[in-house]
Amino acid sequence: MPTVILDEKSCAAEVGETILDVARRNGVWIPTLCYHPALEAYASCRLCMVEIDRGGWWQMVTACNYPVRRDLAVRVESERAVRARQGVMRLLLARAPESPELQRLAARLGIQSPGLPTVTVAERNCILCGLCVRACEERIGTAAISLAGRGVERKVSTPFDEPSADCILCGACAAVCPVGTIQWEVHGDEVELVPFGTRGPVRRCAACGAVLAAELAALAVAGRGAAAVQGLMDGEGFCWRCKRKKLARELSAGLPGGGPPSPRERPP
Amino acid sequence: MGPSEVHEQCSRRPQQACGANPVRRIIDRYGGEPEMLIPMMQDIQAAEGYLPREHLRTLGQELHVPLSRIYGVATFYASFRLQPKGEHTITLCLGTVCYLKGADRIRDAIRDEFQVPPGGTSPDGKFTFAPVNCLGACALAPVMVVDGEYFGGVSPASVVDILRKVAAGRQPAECAADAGNRQEEGREARET
Amino acid sequence: MSTVVSKLESSRDLEEYRSEVCGRAARVDCTVRVCCGPGCLPKGAAKVYDGFVAAAGGPGEKSVAVSSKLTGCQGLCECGPIVTVSRLWEERGDSPHLPERPATNLGSVPGCAQMGTGYPLGAFFPGGIFYQRVRPEDVAEIWRESVEGGRVVERLLYHDDKTGTAARTAAEIPFYRGHCRVALALCGVADARSIDDYIAARGYAALAKVLASMTPEDVMAEVTRSGLRGRGGGGFPTGKKWRSARDAHGEPKYLIANGDEGDPGAFMDRALMEGVPHAVIEGMIIGGYAIGSSRGYIYVRNEYPIAVDRLHDAVLQARRMGFLGENILGSGFSFDIRINRGGGAFVCGESTALMASLEGRVGEPRAKYIHTVEAGFHGKPSLLNNVETWANVPPIILHGADWFAALGTPKSKGTKVFSLVGRVKNTGLVEVPMGMTLRQIIFDIGGGIRDEKSFKAVQTGGPSGGCIPAACLDEPVDFDRLSELGSMMGSGGMIVMDEDTCMVNLARYFLRFLKEESCGKCTPCREGIAQMLHLLEEITAGRGRPGDLERLEQLAALLEDTALCALGKTAANPVLSTLRYFRGEYEAHIAQRHCPAKECRGLFRYRIDAEACTGCGVCRKKCPVDAIAGQRKEPHVIDDEKCTFCGTCRDVCRFAAVTRV
């Protein structure tokens, strides 16, 4: 079992885990943007830079994907590593200076303003971290979106920039987006994934009208054998609150006083 | 089917746009291997002049590759076109040596004269303009290629002249023959 | 073009076949070699070749048995199309029946030795009349005078521009002094499409030797001892890389040849793949044997269709003759090669991006914390080397590690192919031993700067490299020295610049190139290059501010520390090296809004020289903003206030009266 030393702190580690895994487990904070524990490391944002001892020289590496294979000495708060992380943060903030999430992260790194002009175009503050694409491909298995184009022209896109025929509107992309570029927006009986333009019907709670899920997503998940969504599919969909009230009413049917009120139909 | 057999059947330059199931034929040429996606796309483009959407959808379905990945590949590599190309293709070298000899101004001259943006097609459909970062013919800088025909030692004025002739219907090969004779003189004149 | 063939099943079969081919070659009286390399082809060389073929095939009894060869690059691209005409007795070592001839005119380069039989190294060509700037119309005269008559056509010979002396053979031309062709030994000599020519010159004899008498360990030891380092730019010790590939766990192992030469100004790999594709193939088969791989890929840049065709045909020929496929030459070892084309992305020259592209994905690099020799293509052990590195392997095997290690410098063994382009007189392709100085390459071989201008800098290593100024001309060219000078060897492009080149504008050019070619995955490369380019655009437009140079240097350091791949990490090199040697130019742009080289539009003025001006009025008419005034036959004057610095007046003046100040 190798030992990883993070600045002064000595930590036990498993072969094959990353420096970031060790740091998180030991309460050492390293900033990240494109990292997500449920997804393969992509190491594109370059925020999690740290220095490692190569015996004679120190190498700058990304903590999120550097594999621990033997004892390792890591400098997290060295001047060089801090300067590198701040430099990367400035570049990101220069790209999307209006983003509140980036501003908060930058402040945490000691940066109030980018110090650089905006020279690239970020559609809705997208920083090309790739989390949405990876979530859709690796976890959902649909791969409805991808990174299209190259260099500064790169953007997350559906094929041909048209509403996707493969998208199940599950909203995983919106859930993982760190800067709010992607939004899962409900209008009446439809949900739209902004900015992709893909739309589809939503299922609402039969009792209170709360949004349950996109039809397509529910179908897709049911199709993968998830018993939990059967209720959604057979027309008797209730949100969890209404389901609980219904259950409580059924359980207390025999009690004096009649139990809680029945769930009411609410107009959509 | 191993690589050897596939190569025996492989024809690098398909002659014309194919009929019934052109994409299937191209896929079979490479043994249906998803790793050969890029050569398959290159063959489709060679046959059709660009990458038609329907062909890309078929490719994805047949190879069990998500359309989003195919779209990503089609938009990443400079040689792929998603729009039909013009009657003639202009390739202009923007490599270091050509740049030092004024390729920038040649690019601007082509763009201004024929209203064709770099990477795009002119409004009248005559020219598709594809600047490239080095053709490997540095001794002849600046270099322009029209429909496969090389023109070395060009200038903003000479490219406009050549392209006007091509637009009017002359074969690039004929223009190359004329240009060759004047190249030597032109170069000497420019160097004084 | 091979004659029919049944597969060769042993080394002996190969030797017998070789004797047959050499025997046929010995019955040829005269060989005409038409260069159709990257420099000559665009100048119409194909028609010249067709002319010779037609003349040989024409009606009537021929007095002379002629072989016309379409060859790869013969080197002196400036003087193309090149045609060499040699009589049988001038061919050196072409056949075992001919006497050995000593190599001539080696200049002062130590270590270039003669091969046993086979083409000698050090001397460039078989002797033979060297004709330059040949046009299709000249073919008839060459045929009559030289091929049939054994005479020389004086006007088509190379003439020294100072002394006027005519050179009869390549060996007499200053450009060729000091050349030492190892990777390019048969380029320009063999017909580029012929496996027979390759075999005649002991092609595939190295492979036969390996399969018959060497173990994989023997091969690796030889390559390691030779000191060969990667020729693609990294300069990593080749033997060490092979060792790691051999030791890696995982099957199958893959072998890859990187033919994605993307550096602008470089065409060495193009010439090699077009001119002598079998050298790459033979090297790869030997490498496969050494590391235990039976699957090879050659990844060729999309912009090189001729190279793709030649390699493809060569693979088919090699397969038919039994050098590729199962049980090669009866050894039990099997190997085959697939050729893939790139899609048009400079970043695919980077090994992990190349492998992604080979997998049918976008060319996005990935971290190399786990090396590609351990997990590369499809996650399996993969050995990737540049095509020039592969082409060096057969000569090392055939002549031994000691022979190779005797060439070059202590840490950079062997030779290197360079494309010498830009403002030199003799542009072309050169292969010289490592350790030759920049001065020797640029001035002795290159002939110095054209048009009486002065040397300013030479750019090496492409967009990852840097500029080296006049003060360093006597430095030897090798991997480590060039890095110490702030540049790098890179793939071998050498772009020579004169006093009229603005170094700030040059840095801007490279950043613009890199911005377009960046894959866009990582923040520092995608955003940082755009920031540096923005700064340089402001500086070259006269809007530079104090502190800009420090900002550039900070961004450069950031990229080096944080970018994901070599493209991003080295993106700042062109800026850093020009700042190191030409900081004054940057300062003039910022502080005085002046471009000392007079290249950046708006940062210098146009002036009409009253002495030279004839008052013809052409500039006045052509000026788009009517900024020029003057009477007919009187010197004209430019109004600086109105002038938009378009440069039209200078372009149209026939009397060189418009100067830049």
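Chain A of this predicted model is divided into two domains: domain 1 covers residues 3–108, and domain 2 covers residues 125–251. The C-alpha centres of domain 1 and domain 2 of chain A are 31 Å apart.

Where do these two domains of chain A touch? The contact brings together 16 residues of domain 1 and 14 residues of domain 2. On the domain 1 side, helix H2 (79–95) and helix H3 (100–108) of chain A each contribute at least two residues to the surface that touches domain 2. Sorted by class, that side of domain 1 of chain A holds 9 nonpolar, 3 polar and 4 charged residues.

Allow me to turn to chain B. Chain B contains 9 helices and 4 strands. Along its sequence, the elements of chain B appear in the order α-α-α-α-α-β-α-α-β-β-β-α-α. Chain B has 192 residues, and 47% of them are buried. Among the contacts in chain B with a separation of 6 or more, 61% join residues that are 24 or more positions apart.

I come finally to the contact between chain B and chain C. How many residues does each chain supply? Chain B gives 38 residues, and chain C gives 47 residues. Several helices of chain B take part on its side: helix H1 (3–9), helix H3 (37–48), helix H5 (67–76), helix H6 (96–100) and helix H9 (172–191) each provide at least two residues of the side that touches chain C. As for the classes of residue on this side of chain B, 23 are nonpolar, 12 are polar and 3 are charged.

Conventions: Residues numbered from 1 in each chain as written. Chains lettered and ligands numbered in written order. Predicted model: local features only at pLDDT ≥ 70, side-chain atom pairs only at ≥ 80, totals over all residues. Domains from an automatic or database assignment. Contact = placed C-beta atoms within 7 Å. Nonpolar A, V, L, I, M, F, W, Y, C, P; charged D, E, K, R; others polar. Buried ≥ 20, exposed ≤ 12 C-beta atoms within 10 Å, placed from the backbone.
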